[in-house]
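Me: I am new to this structure and would like a close look at one part of it, the inside of the fold and what surrounds it. Please take me through it slowly.

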Amino acid sequence: MRTWHVSDVMTRDVVAVGPDASYRELVALMAAHRINALPVIDAGRRVLGVVSESDLLHKIEYRGAARPRWFERRERAARRKAGGLTAGELMTAPAEVVLPTTGIRTAARRMDQTHVKQMPVEDPLGRLIGIVSRSDLLKEHLRPDAEILADARAAVDEVTCAENTCQVDVTVERGVVTLTGRVERRSTVALTERLVRLTPGVLDVDTRLEFGFDDHQLARRAPAHIAG
């Protein structure tokens with residue numbers, strides 16, 4: 001079973017700008033390409049930062065607003081960007097970047113933790129080669145059931161190959177995998193379900209497997225080792 005990586009779903013034809021790109025140029029590019037963020041790169045295509053729609057909206061949000069005597073650090077940064085005229089002044093830096101070999105689950109976790117909607121993708125030398133968005137990470141769930149079924153069966157075979165008497169039937173409907181049949185040990189049930197859940201495109205796993213030997217119960221009954 002092959003794990004999906006950022007390289008499988010990222011956009012490779014990236015619209016990027018230099019730090020001297022003007023505010024109006026940034027707005028025009030986002031509108032023309034229907035995107036909501038632009039990586040800012042240097043002459044060597046190394047990512048300096050990212051300009052998003054929210055960075056640009058600060059100019060509208062704070063236009064003509066009176067400056068309060070006390071305000072938080074986040075608001076200070078927003079007001080500073082409101083006065084920016086170039087990508088270098090408006091961008092969020094450093095940017096959250098990701099490698100093409102990063103797993104899409106790891107990338108999704110990074111986006112959630114850092115509250116970003118897209119991340120530039122860099123090669124091992126730090127050069128921009130793509131961009132991945134939240135919607136890109138959802139593409140694995142567009143996989144046909146037939147592809148998911150083949151990978152789920154491979155995952156089951158990987159877990160049960162050492163057992164002499166087991167029979168597991170796998171079906172997939174709209175991304176939900178159902179496992180029926182019988183395996184030798186209770187631990188095999190848990191491991192099988194876990195590996196199938198890692199199959200790209202799987203939404204859920206309905207496990208109806210029976211087992212012949214409860215090795216979990218045996219582990220609980222095992223006496224603790226007493227050091228001499």
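Reply: Let's begin with a term. A helix here is a DSSP run of H or I with at least four residues, a strand is a run of E with at least two, and both are numbered from the N terminus. With that in hand, find Leu-191, which belongs to helix α9. Please keep in mind that this is a predicted model.

Is Leu-191 buried, partly exposed or exposed? Buried means under 20% relative accessible area and exposed means over 50%. Leu-191 has a relative accessible area of 45%, so it counts as partly exposed. From Leu-191 you can step across to Val-156: the two are 35 residues apart in sequence, and their C-alpha atoms are 9.1 Å apart in space.

Val-156 takes us to the part you asked about. The largest nonpolar core has 18 residues, and Val-156 is among those with the most contacts inside it, along with Val-168, Val-170, Val-177, Leu-179, Val-196 and Val-205. Which elements supply at least two residues each to this core? They are the helices α8 (145-160) and α9 (186-197), together with the strands β5 (167-173), β6 (176-185) and β7 (204-213). Helix α8 gives the largest share of this core, six residues.

Val-170 is a good place to see how such a core is put together. Leaving aside neighbours within four places in sequence, Val-170 is in contact with Leu-149, Ala-152, Arg-153, Val-156, Val-177, Thr-178 and Leu-179. Apart from this core lies another one, of 13 residues, which includes Val-98, Ile-104, Ala-107 and Leu-137.

Now for the wider setting. The protein chain has ten helices and seven strands, and 38% of its 228 residues are buried. Among contacts in the chain with a separation of 6 or more, 58% link residues 24 or more positions apart. On the outside, the chain exposes about 14,200 Å², of which carbon and sulfur atoms supply 52%.

A buried strand residue shows such long-range links well. Leu-128 sits in strand β4. Its relative accessible area is 4%, so Leu-128 counts as buried. Beyond the neighbours within four places in sequence, Leu-128 is in contact with Val-14, Ala-16, Pro-39, Ile-41, Arg-45, Val-47, Pro-120 and Val-121. Leu-128 is also 116 residues from Arg-12 in sequence, with 9.3 Å between their C-alpha atoms.

For contrast, look at Asp-13, in the loop between α1 (6-9) and α2 (23-33). Asp-13 has a relative accessible area of 68%, so it is exposed. Asp-13 and Ile-129 are likewise 116 residues apart in sequence, and 8.1 Å apart from C-alpha to C-alpha.

From here we can turn to a pocket. Rolling a probe the size of a water molecule over the atoms shows where empty space is left. The second largest pocket has a volume of about 330 Å³. Of the 15 residues lining this pocket, Thr-11, Ile-35, Asn-36, Ala-37 and Ile-131 are the closest to its centre. Strands β1 (37-41) and β4 (128-133) each supply at least two residues of the lining. By class, the lining has six nonpolar, five polar and four charged residues.

Two of those pocket residues come up again beside strand β2, where Ser-52 has its place. Ser-52 is buried, since its relative accessibility is 13%. Setting aside neighbours within four places in sequence, Ser-52 is in contact with Met-30, Asn-36 and Ala-37.

Finally, a few details of the backbone. Most residues other than glycine have a negative phi, and most peptide bonds are trans. Arg-34, in the loop between α2 and β1, has a positive phi, near 55°. Arg-34 is exposed, at a relative accessible area of 80%. Arg-45, which lies in the loop between β1 and β2 (47-52), also has a positive phi, near 65°. At 37% relative accessibility, Arg-45 is partly exposed, and you have already met Arg-45 as a contact of Leu-128. As for the peptide bonds, the one joining Ala-93 and Pro-94 is cis, with omega about -5°. You will find Pro-94 in the loop between α5 (87-90) and α6 (104-114).

Methods
Residues numbered from 1 in each chain as written. Predicted model: local features only at pLDDT ≥ 70, side-chain atom pairs only at ≥ 80, totals over all residues. Heavy atoms only, no water. Buried < 20%, exposed > 50% of the residue type's maximum accessible area, 1.4 Å probe, protein only. Contact = heavy atoms within 4.5 Å. Areas by Shrake-Rupley, 256 points an atom, 1.4 Å probe, with all protein chains shown as cover. Core = buried A, V, L, I, M, F, W, Y, C linked by side-chain atoms within 4.5 Å. 1 Å grid on protein atoms, 1.4 Å probe; cavity = no way out; pocket = protein on both sides within 12 Å on 5 of 7 lines; lining within 4 Å. Points joined across faces, edges and corners; volume = space filled by probe spheres on them. Nonpolar A, V, L, I, M, F, W, Y, C, P; charged D, E, K, R; others polar.
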